[in-house]
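Biologist: I would like to learn how to read a model like this one, feature by feature. Could we have it in front of us before we begin?

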Amino acid sequence: VTGFGAESCGDDNRLIGCKPMGLSRRQFIAAAMGIVATGCAERVTSLTSRPRTQWPDLSGRPRADAGSLVFPPGHKPGVAAAGPLKAIPRSRWAKGSPVRSRLNPMGKIDRITVHHEGYRPVYFSDMASTAERLELIRQSHLSRMRAGDIGYHYVIDRAGRLWECRDFHYQGAHVKNNNEHNLGVMVLGNFDRQQPTDAQIVTLRDTLSKLMRHYRVPVNRVYTHQEITPTACPGKKLQPTVVSLRTNHKLA
């Protein structure tokens with residue numbers, strides 16, 4: 001759901017498609033011209049016994065006008081903000097600003113959704129490669145999904161570092177028709193084909209716990225993508241980890 005392999009199904013209230021990531025720049029340009037992408041396309045899976053939540057279909061509601069966005073005092077719209085977390089700032093990787101006319105204000109945050117990237121397995125862990133990947137995801141979300149920015153609010157890389165992505169004052173573009181009041185956290189990798197690292201799991205646990213405390217989100221409002229829509233995200237090797245974090249009282 002990034003065009004380059006990230007798993008952001010759903011743009012700013014409109015799903016254009018889920019796209020694969022991890023390609024060359026030349027392939028990215030070709031993809032942006034209309035090549036059919038693969039990766040996180042929503043599909044019926046064989047997974048069972050997972051919570052199903054019916055959220056209101058908001059796809060038809062009017063989009064907010066950029067000039068009407070309302071933010072807390074002192075906040076500068078279009079400038080990323082990490083919220084309650086210490087994260088690598090967006091300025092370390094993003095090569096462009098959000099498109100404000102495509103954004104909607106978040107409002108109250110009352111749920112969190114966990115994703116994986118969902119395309120090629122990711123084995124690099126250095127900052128330079130991660131920064132390049134995030135920028136390619138952002139470009140793909142802008143061009144193919146017509147989103148206002150990268151779809152996720154936070155990304156956790158293979159070394160367990162937390163990266164600041166979309167400003168948390170804006171709705172994300174990570175769950176089709178369910179982005180309102182919903183923070184998106186993506187763990188870098190394809191967890192149908194590889195295991196998350198121990199460092200990623202530790203950072204995911206700590207990140208979710210801090211977000212829950214700060215925004216007063218109860219544990220039953222922490223979801224994975226597949227628990228809201230029919231998709232394999234966040235992969236068969238990360239899904240049980242998130243379930244375990246919830247059920248074994250490791251999120252608080």
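Biologist: Which residues are buried in H4?

Modeller: This is a predicted model, and in it Gln239, Thr241, Val242, Leu245 and Arg246 of H4 are buried. Looking down the axis of H4, one finds these buried residues within an arc of 165°, so they line one face of the helix. The cover over the buried residues of H4 includes E1, H3 and E5. After H4 comes histidine 249, whose phi is positive, near 60°.

Biologist: Before going further, how many helices and strands does the protein have, and what pattern does it follow along the sequence?

Modeller: There are four helices and five strands in the protein, and, read along the sequence, they follow the pattern α-β-α-β-β-β-α-β-α. Of the 252 residues, 57% count as buried. Among the contacts between residues at least 6 apart in sequence, 78% join residues that are at least 24 apart.

Biologist: What is the pLDDT average of the protein, and which elements have the lowest and the highest mean pLDDT?

Modeller: Here pLDDT is to be read as the predictor's confidence in each residue. The protein averages a pLDDT of 78, and 68% of the residues score at least 70. Among the elements, helix H1 (residues 25–32) has the lowest mean, 46, whereas E4 has the highest, 98. Over residues 13–23 the pLDDT is below 50, and beyond near neighbours in sequence this stretch has 62 contacts in the model. Residues 27–39 also have a pLDDT under 50, and for them the model has 20 contacts beyond four places in sequence.

Biologist: Turning to the strands, is E1 enclosed by the rest of the structure or not, and why?

Modeller: The general step is to ask of each residue whether its relative accessible area is under 20%, which is what buried means here. In E1, six of the six residues are buried, so the strand is largely enclosed by the rest of the structure. Both faces of E1 are covered, with Arg111, Thr113 and His115 buried on one side and Ile112, Val114 and His116 buried on the other.

Biologist: Which strands pair with E1, and in which sense?

Modeller: E1 pairs with E4 in the parallel sense over six bridges, and with strand E5 (residues 222–224), also in the parallel sense, over three bridges. To follow these pairings residue by residue, one may take histidine 115, whose bridge partner in E4 is methionine 186, and valine 114, which stands opposite threonine 224 in E5.

Biologist: How should I read the largest nonpolar core, and which of its members touch the most other members?

Modeller: One looks for the residues with the most partners within the core, and then for the elements that supply its members. The largest nonpolar core has 25 residues, of which Ile112, Leu183, Leu204 and Leu211 touch the most other members. At least two residues of this core come from each of strand E1 (111–116), strand E2 (154–156), strand E4 (182–187), helix H3 (198–215) and helix H4 (239–247). H3 gives the largest share, five residues. There is also a second, separate core of 14 residues, which includes Trp93, Ala131, Trp163 and Leu188.

Biologist: With which residues is leucine 183 in contact, leaving aside its neighbours within four places in sequence?

Modeller: Leucine 183 is in contact with Met106, Ile109, Arg111, Ile112, Thr113, His153, Phe168, His174, Leu211 and Tyr215.

Biologist: Is tyrosine 154 buried or exposed?

Modeller: Tyrosine 154, whose place is in strand E2, is buried, with a relative accessible area of 1%. Leaving aside neighbours within four places in sequence, its contacts include Ala82, Leu85, Trp163, Val185 and Leu211. Tyrosine 154 and leucine 85 are 69 residues apart in sequence, and their C-alpha atoms are 9.7 Å apart in space.

Biologist: And what does the side chain of histidine 141 reach?

Modeller: The side chain of histidine 141 reaches the backbone nitrogen of glycine 151 at 2.7 Å. Histidine 141 lies in helix H2 (residues 127–143) and is buried, with a relative accessible area of 0%.

Biologist: Where does glycine 148 lie?

Modeller: Glycine 148 is in the loop between H2 and E2, and at 0% relative accessibility it counts as buried. Its C-alpha atom is separated by 6.4 Å from that of arginine 100, although the two residues are 48 apart along the chain.

Terms used:
Residues numbered from 1 in each chain as written. Predicted model: local features only at pLDDT ≥ 70, side-chain atom pairs only at ≥ 80, totals over all residues. Heavy atoms only, no water. Core = buried A, V, L, I, M, F, W, Y, C linked by side-chain atoms within 4.5 Å. Buried < 20%, exposed > 50% of the residue type's maximum accessible area, 1.4 Å probe, protein only. Contact = heavy atoms within 4.5 Å. Pairing = 2+ DSSP bridges. Polar contact = N/O pair within 3.5 Å; in protein donor to acceptor, adjacent residues only side chain to side chain. Arc of directions from axis to C-beta. pLDDT = per-residue confidence, 0-100.
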